[in-house]
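These are my notes from looking through one structure. I went from place to place and wrote down what I found.

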Amino acid sequence: MTDKVLICGSVAFDTITVFEGHFKDHILADSIQSLSVSFFVPTMRKEYGGCAGNIAYNLSLLDGRPVPVGTVGPDASDYIAYMQQLGMDTSMIRVLPDMYTPQCFITTDLDNNQIASFHPGAMMRSAENDLSGQNAAWAIVAPDSKDGMFAHARRLHAQGTPFIFDLGQAMPLFSGEDLEAMLPMARILTANDYEASVIEQRTGRSMADIARTMQAVVVTRGAEGATLYADGTETHIEPVKASEIIDPTGCGDAHRAGLLYGLTKNWSLIDACRLANAMGSFKIASRGPQNHRPSRADISAVLKQYYGLTLLDQ
């Protein structure tokens, strides 16, 4: 039996700059109707990102077998090479020669306020990236274009591949009707506590009620851990305390990777959620979504400390 995981979602670049001042001193309320400002940003870094890229990276830290499924432009050649160096199967990353790779441009000021712009680029044609026939133990449908998320979900459901539905940043795209169409195809729903409240509002159903029609619902709650809804019960998953709180970007993706690894190894849902919490704690202690480098021994030590579990020999 394969232990491959299809990671459907965006593969993107994040360009992050720092304005060494305060936006509030330059964006004046009485002049907002004719806004024209320029910020000098001497600090800049470019990060590999996107939900599929981040989840795949974290799964590779666990020695899992991620297969990212995404659409990029020819400007992503270095990203693809980087994935290959990590041992990933990049056969399901489709390069569209006439489009750019999705890119997020973020400027942060000294108050940690952010101004961001997102160019979807090749992501807009992700539905064309047909994963039919790909043999995998599990999959995840993570934030992407709406058409792409539905196309991947329908293909996975048709071929019997169980998958996690991760609404995430795609939340504004999904109405209650859309959610009711997506949820029956998925095996597990994951969301943070804010996303969960929006899903409840749009569907008129509680997380516990939704979980009754699925294998599980997992709601992350930041420093408070997570809640697992499964088998008619609600279980609090105690958090792992991070060594530092540096940057939450990509924490949800790290959490999903831990959950997926546990599922491919046939762990209990509770233990899979515990590993997910541990992965999130490593990520938040590092700046950027793919700059943390814990070894399997490091991850196993945290699992042992907090939950009495071991990752080694798994």
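Entry 1, E200. I looked up how open this residue is in the predicted model. E200 is partly exposed, because its relative accessible area is 30%, which falls between the cut-offs of 20% for buried and 50% for exposed. I placed E200 in helix α5, which covers residues 193-203. Then I checked what E200 touches beyond four places away in sequence, and I found R205, S206 and M207. With M207 I could be more exact: the side chain of E200 reaches the backbone nitrogen of M207 at 2.9 Å. I also noted I210, which is 10 residues from E200 in sequence. The C-alpha atoms of E200 and I210 are 8.9 Å apart.

Entry 2, aromatic rings. I asked how many aromatic pairs there are. The count comes to 12 aromatic pairs. One of them is F13 with Y48, a tilted pair with 6.1 Å from centre to centre and 40° between the planes. F13 belongs to strand β2 (residues 12-18) and Y48 to strand β3 (residues 43-49), so this pair ties together parts that lie 35 residues apart in sequence. I compared how open the two residues are. F13 counts as buried at 1% relative accessibility, whereas Y48 is partly exposed at 22%. Next I took F19 and F23, whose ring centres are 5.9 Å apart. Their planes are at 5°, so I wrote this pair down as stacked; the cut-off for stacking is under 30 degrees. F19 is buried, with 8% relative accessibility, and F23 is buried as well, with 6%.

Entry 3, back to F13. I followed the ring pairs and found F13, Y48, Y79 and Y82 linked into a cluster. F13 also has a charge over its ring: the charged end of K46 sits there, 4.2 Å from the ring centre.

Entry 4, positive phi. I looked for backbone angles that go against the common case. Most residues other than glycine have a negative phi. D231 is not a glycine, yet its phi is positive, about 55°. I found D231 in the loop between β12 (226-230) and β13 (233-237), and it counts as exposed at 74% relative accessibility. N266 also has a positive phi, near 60°, and is a residue other than glycine. The loop that holds N266 runs between α7 (251-264) and α8 (269-284). N266 is exposed, with a relative accessible area of 71%.

Entry 5, helix α9. I checked the length of this helix, residues 296-307. At 1.5 Å a residue its 12 residues should span 16 Å, and the end C-alpha atoms are 16 Å apart, so the two values agree. Which residues of α9 are buried? I listed R296, I299, S300, V302, L303 and Y307. They cover an arc of only 160° around the axis, so they lie on the same side of α9. An α-helix has 3.6 residues a turn, so residues three or four places apart point the same way. The buried residues of α9 pack against α1 (51-61), β13, α7 and α8. On the face of α9 turned away from its buried side I found the exposed residues K304 and Q305. Just after α9 comes G308, with a positive phi of about 75°.

Note on methods. Residues numbered from 1 in each chain as written. Predicted model: local features only at pLDDT ≥ 70, side-chain atom pairs only at ≥ 80, totals over all residues. Heavy atoms only, no water. Phe/Tyr/Trp six-rings, centres within 6.5 Å; stacked < 30°, edge-to-face > 60°. Helix = DSSP H or I, 4+ residues; strand = E, 2+ residues; numbered from the N terminus. Buried < 20%, exposed > 50% of the residue type's maximum accessible area, 1.4 Å probe, protein only. Lys NZ or Arg CZ within 6 Å of the ring centre and 35° of its normal. Contact = heavy atoms within 4.5 Å. Polar contact = N/O pair within 3.5 Å; in protein donor to acceptor, adjacent residues only side chain to side chain. Expected span 1.5 Å × (residues − 1). Arc of directions from axis to C-beta.
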